[in-house]
Amino acid sequence: MPRCRFASDGREAVVPAGTGAMSVADALAASVPFSCRYGVCGACLVTVRSGGESLDPPSDGERETLRNVDASPGQRLCCRIVLRADLVLENAPW
Ligand code: FES
């Protein structure tokens, strides 16, 4: 089962593959801002510090939101991330 770590908070959990990263953030009370939870608002932007190679590529909708919020390479929307392997995420410096 993959381990998901929120580096900014130092919180982590081992969860079943297929778990959404936002669900993990909720369970850990990790400080990931959110609003829509549907990949539209961009509030949940995080930087993937490791494990990004295991992630599904962003959908067209996520790509559009990432463009709209001027995301940097390596940043993804936490609410769109599905865990497949170990992952380390860091909150974006808003
Ligand atoms: S909470 Fe809105 S894009 Fe993730």
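Let's start in the loop between E1 and E2, where Asp-9 lies. Please keep in mind throughout that this is a predicted model.

**Asp-9 and its neighbours**

Is Asp-9 buried, exposed or partly exposed? It has 16 C-beta neighbours inside 10 Å, so Asp-9 counts as partly exposed, because that class lies between the exposed limit of 12 or fewer and the buried limit of 20 or more. Leaving aside residues up to four places away in sequence, Asp-9 touches Ala-30 and Ser-31. The C-alpha atoms of Asp-9 and Ala-30 are separated by 6.3 Å, although the two residues are 21 positions apart along the chain.

The turn that holds Asp-9 belongs to a hairpin. E1 and E2 form this hairpin with four residues between them, and Gly-10 in the turn has a positive phi of about 70°. Strand E1 covers residues 3-6 and strand E2 covers residues 11-14; they pair in the antiparallel sense over four bridges. If you would like a spot to click on, Arg-5 stands opposite Glu-12 in E2.

**The sheet**

Stepping back from the hairpin, you will find five strands in an open sheet, in the order E2-E1-E5-E3-E4, and the pairing is mixed. Which strands sit at the edges? They are E2 and strand E4 (75-77), each of which pairs on one side only. From one strand to the next, the twist averages 30°. At the E4 edge, E3 and E4 pair in the antiparallel sense over three bridges, with Val-46 standing opposite Arg-76 in E4. As a reading aid for the side chains, in a regular strand they alternate between the two faces of the sheet.

**The loop between H1 and E3**

Two residues here are worth a look for their backbone angles. Ala-29 lies in the loop between helix H1 (21-28) and strand E3 (45-50), and the place of Arg-37 is in that loop between H1 and E3 too. Neither is a glycine, yet Ala-29 has a positive phi of about 55° and Arg-37 has a positive phi of about 65°. Their surroundings can be read from neighbour counts. Ala-29 has 10 C-beta neighbours inside 10 Å and therefore counts as exposed, while Arg-37 has 17 and therefore counts as partly exposed. Here are the counts, with Asp-9 from the hairpin turn included:

| Residue | C-beta neighbours inside 10 Å | Class |
|---|---|---|
| Asp-9 | 16 neighbours | partly exposed |
| Ala-29 | 10 neighbours | exposed |
| Arg-37 | 17 neighbours | partly exposed |

**The whole chain**

How do these pieces fit into the chain as a whole? There are two helices and five strands, and along the sequence they follow the pattern β-β-α-β-α-β-β. The radius of gyration is 12 Å, close to the 12 Å that the globule rule gives for 94 residues, so the chain is as compact as a globular protein of that length. Its C-alpha atoms fill a box of roughly 30 × 25 × 20 Å, taken along the principal axes.

Two percentages round out the picture. Of the 94 residues, 32% count as buried. Among contacts in the chain with a separation of 6 or more, 61% come from residues 24 or more positions apart.

Definitions and conventions
Residues are numbered from 1 along each chain as its sequence is written. This is a predicted model: local features need pLDDT of at least 70, side-chain atom pairs count only at pLDDT 80 or more; totals for chains, interfaces and linings use all residues. The radius of gyration is taken over C-alpha atoms; the globule rule is 2.2 Å times the number of residues to the power 0.38. Two residues are in contact if their C-beta atoms, placed from the backbone, lie within 7 Å. Two strands pair if DSSP finds at least two bridges between them. Axes are lines fitted to C-alpha atoms, for helices over the stretch in contact, and angles run from 0 to 180 degrees between N-to-C directions.
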